[in-house]
Structure formats: structure tokens, C-alpha cells
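Me: I've got a structure open and want to talk a few spots through with you. Can I throw some questions your way?

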Amino acid sequence: MESTVPFLSPVSQSPENHFSFYHNFELFYMENIAQNNSFDQTQTLESAFSGLNVSGYPDLPDSGYQFGGGFARAGQDRNNNVIGEGTKVGPDVESWGAFMYSSYQLGSSRNTEFSILPSSNQTRLLSAAASAAGCTMPFGLNNNINRSSFNTSKLCNNNQTRPHWLHEPLNCLSLGDLRGRLVALAKDQYGCKFLQKSVEKASKEEIDMVFMEVIDHVCELMSNSFANFVVQKVVDVCSEEQKNQILLMVIKNRFRLVEICLNLHGARAVQKLLEKLTTQQQISLFMSALSPGAVALSKDLNGHRVIQYCLKNFSDEDNKYFLNVVANNCYQIALDKCGCCALKHCLDHSNGEARAHLFQEIIANALNLAKDQYGNYVVQHILELKETQTTESLLRQLQGNYASLSCNRYGSNVVERCLLESQEPLTTRIIVELLRSPIVSTLLLDPFGNYVIQSALSVSKGFVFDALLNLVQDHYPIMRSHSYGKWVLAWFSRRKQIHI
């Protein structure tokens with residue numbers, strides 16, 4: 001005999017876990033049953049469901065609502081059992097929890113309509129449930145609830161809710177109407193666009209009003225992803241006196257200035273401010289405040305952009321103090337991925353005493369820098385500048401270490417650059433040192449040293465080339481059976497020197 005379950009018996013998983021307004025819904029539902037006598041307490045689940053109204057779009061592929069699964073009856077008949085003569089009701093899911101998730105997930109983009117209530121009662125019951133939840137419930141022509149139209153603003157906890165006045169149209173408002181709200185408006189994605197357009201065509205009085213509101217918050221706004229564009233626009237249109245006030249506010253705290261320059265949005269705003277500096281006093285004030293943070297700025301990609309602008313657009317005298325700070329800390333800057341690039345730009349855009357100071361400090365640390373994955377690029381850059389006096393000083397600093405550097409992954413690049421960029425007397429001195437080294441034979445078979453030998457063969461002439469050729473001939477048998485030795489022999493093959 002088929003088991004029966006009273007209609008109001010609890011299901012396997014309580015819907016209280018899914019709806020905060022369940023108690024109000026249940027209470028109203030019980031009252032409605034008593035009034036309409038649609039069901040009685042002894043009615044079975046099968047007979048109760050036979051009166052349900054099912055509406056939807058069965059022709060839609062993958063709609064999520066198919067004829068199958070749905071609510072469970074008795075425990076042994078829960079999965080995909082028919083009701084009556086083969087008709088099943090509800091979405092094709094296997095549990096109450098899965099059904100509630102698919103059917104009542106708030107904020108869903110589905111437009112499918114599906115009702116689990118009798119058509120005579122569903123409007124009153126669901127409207128009461130929606131009222132208890134604080135939701136709006138528009139109805140279609142068939143009076144079925146459209147779940148995508150629930151208003152979830154009272155159910156969702158959004159910590160970044162925009163102020164209510166930002167939901168109002170801004171196009172019909174003037175800057176005067178928004179007095180006292182411009183800082184919040186500047187931080188809003190759409191409000192910042194409105195302010196930019198308004199400031200472009202604003203009168204002097206309106207510009208003054210905007211300036212007075214943002215000046216005390218300018219450092220904060222410069223680092224904001226939206227508000228920084230408003231600050232840039234204000235800098236474009238403000239007077240010289242107002243520009244001085246902005247500059248003084250930015251450099252008031254040197255640590256805050258560096259923090260702004262390290263920020264992606266702040267760096268852009270600072271560059272815009274630098275573009276508008278017109279007097280020597282303004283530039284001097286800014287560089288004096290910026291210079292103590294030279295190390296941090298040099299090692300950061302955003303700070304590097306600010307440095308580049310200053311080096312390219314300000315005079316040597318303006319950058320002198322900044323470059324001295326860089327020179328005094330060149331070793332730790334050169335060991336950084338971004339710092340080595342900044343140091344190369346400093347070398348390219350410096351002159352006079354500041355440039356000489358940079359060369360002096362870098363050359364003093366050249367041996368350790370040559371072995372570093374980033375520092376070696378700084379040493380190579382000095383050689384690429386081809387300044388005779390500087391190159392000679394650098395080679396003297398590396399003298400006695402060419403063989404050991406040739407076996408180093410990064411140092412070998414520096415030795416090769418020394419051979420390729422130096423004049424013949426200097427390259428001869430380097431090659432002779434390599435030939436006199438006790439480890440010269442290992443260079444022929446070394447994964448890095450073999451490149452140094454090939455570069456030496458390329459630039460050598462006369463007796464030096466003959467000495468290298470004799471070295472290769474003496475070790476020819478072992479080089480033929482070694483992968484790195486074969487690369488050196490391949491150099492001769494490319495130049496038709498096969499007779500060795």
C-alpha cells in the first residue's frame with residue numbers, strides 16, 4: 001500500500017535555511033488554507049499537487065525548469081517519480097536545497113516564470129511573502145511571479161553602497177546644486193566624469209567653489225582611481241595661486257608625496273601637476289620634497305615614471321640633489337629589477353658633477369654588480385656609453401677577475417661587453433689576462449666561458465689570436481666530445497677555419 005504524507009509534513013530540508021521570511025509566509029499560508037478550504041490536513045501529497053498550476057517555457061533549451069524531479073513524496077519515491085499518469089511537477093533537481101537555490105536565487109538573470117502555488121491563491125500568498133521580505137513583486141499577464149524582478153537591496157549586504165543622491169540623474173544639476181558633495185562625487189565612477197565635463201566649461205566662481213572643496217582632500221583624491229582625473233582637470237583650469245596651494249598641500253608631508261608617487265593613479269596626477277609648474281621656485285620646492293624618497297621611487301614602476309619626467313624636463317641644477325641621493329644608494333638601486341632601469345636613465349640624463357658622481361659610485365661597486373642578475377646591466381650600460389676615461393676606470397676595477405667573471409652566468413655578459421666595446425689595447429689586455437689564468441682551459445668547456453672565448457676570437461688580432469688558436473688546438477680532442485667545446489669549434493667552422 002502506497003504511503004501517504006500529510007501535505008504540511010516537514011520536508012527533508014527545512015526551507016527556513018533559504019528564506020528569512022519563511023515564518024511570515026507559513027503563517028499566512030495556514031490562514032489562507034483555513035479560509036479557502038482548498039486542502040485539508042489529511043490530504044495526501046499526490047492529491048494536493050494535482051491541483052497545482054505549472055507555467056513556464058518548456059520549449060526553451062536548458063531553461064533549468066523541466067518536467068522531472070522536484071519535490072519529494074515519501075522517502076523511497078523521491079527521485080523522478082510520476083504523479084498521476086506520468087506528469088511530474090517542479091524543476092529537475094533532487095533535493096529541496098537544490099530546488100530553492102535554482103528557483104529562488106535572488107538577483108538571477110532568468111526571466112523564466114514558474115509557480116508552485118495553485119493559481120487561485122498564488123497572487124495573494126506571494127504578495128504577502130514579498131511584503132514580509134521588503135521586496136517588490138511585479139506580475140505578468142498570468143499573475144505568476146517573475147523572480148528576476150525581486151528587489152534585493154534590502155536582502156543583500158553591500159558595504160560599498162553609493163549614496164542615495166548619486167542614483168539621481170546628474171545631467172540636470174549644476175555644480176552649485178552639488179555644493180558640499182563634490183569630494184564624494186569625484187570618487188564615483190560616473191560622478192567623476194560629470195565633474196570633469198562640468199569643470200571644463202565652469203565659470204571662475206564655480207572653479208573656485210570646486211577648488212575650495214577639494215583642496216583639503218587633494219592628496220587622497222590624487223590616489224583614487226576615479227578622483228585623480230578630477231584633480232588633473234582642476235590643475236588644468238585653476239589659477240597660478242591655486243596651483244601653488246595644491247603644490248604646497250602635496251609636498252607638505254614628504255612621506256605622503258612619495259606614497260602618492262608610488263600609486264598608479266597618484267603618479268599620473270603628479271605628472272599632470274609637474275606639467276603645469278612654470279616657475280623655478282615651484283620646481284625647486286617639488287624636487288626638494290621628492291629627493292629623500294629617491295630610493296623607493298627608483299625601485300617602483302610608478303615612481304620610476306615620475307623620475308623619468310623630472311630627468312627629461314627639468315634642468316641639471318634642479319635634478320642635482322636628487323641624482324646625488326641616487327648615486328649614494330646606487331648599489332641597492334642597481335640590484336633591483338626596476339631600479340637598474342632607473343639608474344640607466346639617470347646616467348643618460350645627467351651631466352657635470354652629478355654624472356661624475358654616479359660613475360664613481362657605480363664603478364666602485366662594479367665587481368659585485370657584474371655578478372648580479374640586474375646589476376650587470378648597469379655595468380654594461382656604462383661600457384655602451386663608450387666614454388674612454390670611464391671605460392678605462394671600469395676595466396681597471398675589474399682587472400684580475402676576468403677569468404672568474406667569465407664562468408659566472410651574469411659576469412660573462414660583462415666580460416663579453418668589455419671585449420666588444422673597448423678599444424684594441426684594452427681588449428688585448430683582457431685576453432692576455434684570460435690566457436695567463438690557470439683556469440683558461442676550463443673556459444673552453446664552460447657553459448658561460450665558451451661565449452667569452454668566442455668573443456675573444458672575434459676581436460683579437462695578431463699574436464693574441466694565434467695564442468687563442470693554439471689553446472684550442474691543444475684541447476681539440478676533448479672539445480670534440482664536449483657539448484660546450486663543440487660550440488667553440490663551431491665558431492671556426494662558420495669562418496672556414498677547419499684546418500685546426
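Reply: Sure. One term before we start: helices (H or I, at least four residues) and strands (E, at least two) here are DSSP runs. Also, this is a predicted model.

Me: With that in hand, how far apart are the end C-alpha atoms of residues 397-433?
Reply: The UniProt record (unreviewed entry) lists 397-433 as one of the "repeat: Pumilio" features. That span is 76% helix and 0% strand. Its end C-alpha atoms sit apart by 14 Å.

Me: And what about the end C-alpha atoms of residues 177-212?
Reply: Residues 177-212 also carry the "repeat: Pumilio" feature in UniProt. Helix makes up 72% of this stretch and strand 0%. From end to end, the C-alpha distance is 15 Å.

Me: Is N228 buried or exposed?
Reply: N228 belongs to helix α9, which covers residues 227-237. Buried means under 20% relative accessible area. N228 has a relative accessible area of 0%, so it counts as buried.

Me: Which side chain makes a polar contact with the side chain of N228?
Reply: The N228 side chain reaches the backbone oxygen of S225 at 3.1 Å, but that is a backbone atom. For a side-chain partner, look for the 3.0 Å pair. That partner is Q232.

Me: Over residues 36-159, what value does pLDDT stay under?
Reply: The protein averages a pLDDT of 76, and 65% of the residues score at least 70. The model does have 198 contacts beyond four places in sequence for residues 36-159. Where pLDDT is low, though, predicted coordinates shouldn't be read in detail. Over residues 36-159, pLDDT stays under 50.

Terms used
Residues are numbered from 1 along each chain as its sequence is written. This is a predicted model: local features need pLDDT of at least 70, side-chain atom pairs count only at pLDDT 80 or more; totals for chains, interfaces and linings use all residues. Side-chain values use heavy atoms; hydrogens and water are left out. Buried means under 20% relative accessible area, exposed over 50%, partly exposed in between (1.4 Å probe, protein chains only). A polar contact is a pair of N or O atoms within 3.5 Å; within protein, one must be able to donate a hydrogen and the other to accept it, and residues adjacent in sequence count only if both atoms are side-chain atoms. UniProt positions are given in the numbering used here, feature names are shortened, and annotations may be inferred rather than shown by experiment. pLDDT is the predictor's confidence in each residue, from 0 to 100. Contact means heavy atoms within 4.5 Å.
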